[in-house]
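Here's a quick tour of one helix and a few unusual backbone spots. Have a look at the model first.

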Amino acid sequence: MVVFPNAKINLGLNIIRKRADGFHDLETFFYPVAIRDALEIIKNDDTNGDVRISCSGIPISGKTEDNSCLKAYKLLKKDIPQLPAVKIHLHKIIPAGSGLGGGSADGAFMLKLLDQKFGLKLSTEQLLDYASRLGSDCPFFIINRPCFATGRGEFLEPISLDLSTHKFVIVNPGIHVSTIEAFSLLKPSSASKSIKAIIRQPIETWKKELKNDFEGPVFRKFPAIETIKAKMYESGAIYSSMTGSGSTVYGIFDKEFEVNLDLPPNYFVKELIS
């Protein structure tokens, strides 16, 4: 059985306060975009009955045991001991550590895939609970439609947002931005106007009002990322922003607009219809 975990972008991101548990309260608007990994599982009938994972596509750094798909399987296995062993194959298309939520998507889709394949009959609330234990962005990919998010990102309010007359240009320069370091450079503060209110305004107003708090410190450390945003606007973007803690930058353009960006050939660039 195969599924295709998709990426997300953040439309605005306000870091409000640091909590006693070390996490941060924030508000953002998650929007799914059609850059997709491929995730397959089959039952492992080998005599040893171990769970196995293999990967292809964009190389994944870090330890195998930290892979979100493997962690999702083990999380369910702890509560459902009869869950069969599986062989997992993950083909990576979404750049890792880019603010596009690829790892979170893979883990959340793994939960849904196991539920579907083995008839676990988990409720949406149960899936959301498991996803929240995997990571702050993971619950969004259980719902996987435009949502206003608060808390660590796990409190989700689906809100209709029609961007069908627009297209996205997604650019990742291959710069790894440490989320932990990005948070350490921030001074949390409440925004004067909620992202929820701004999103409901005409998109032409977003440039002045819809902000990502990570941009200041990340742009200072990595000017090449700020340059991408500047080129988006020079090329006719209605709105442009870094997503998450970076390093991906997206631009929103009229659907019929021909976008010409002068970028290095090694950059990951995708043009997507909303």
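Buried means under 20% relative accessible area, exposed means over 50%, and partly exposed is in between (1.4 Å probe, protein chains only). This is a predicted model, where local features need pLDDT of at least 70, side-chain atom pairs count only at pLDDT 80 or more, and totals for chains, interfaces and linings use all residues. Residues are numbered from 1 along each chain as its sequence is written, and side-chain values use heavy atoms, with hydrogens and water left out.

Let's start with α9. Helices (H or I, at least four residues) and strands (E, at least two) are DSSP runs, numbered from the N terminus. In α9, the buried residues are Ile 225, Ile 228, Lys 229, Met 232 and Tyr 233. They line one face of the helix, because seen down its axis they fall within an arc of 135° (taken from the directions from the helix axis to the C-beta atoms). These buried residues pack against β9 (166-172), α7 (206-209), α8 (215-221), β10 (239-242) and β11 (249-254), with contact meaning heavy atoms within 4.5 Å. After α9 comes Gly 236, with a positive phi near 105°.

Now for the backbone oddities. Most residues other than glycine have a negative phi, and most peptide bonds are trans. Two non-glycine residues with positive phi are tabulated here.

| Residue | Phi | Loop | Relative accessibility |
|---|---|---|---|
| Lys 121 | about 60° | between α2 (102-117) and α3 (124-134) | 77%, exposed |
| Asn 144 | near 60° | between α4 (138-143) and β7 (147-150) | 22%, partly exposed |

The peptide bond from Gly 246 to Ser 247 is cis, with omega near 15°, and Ser 247 sits in the loop between β10 and β11.
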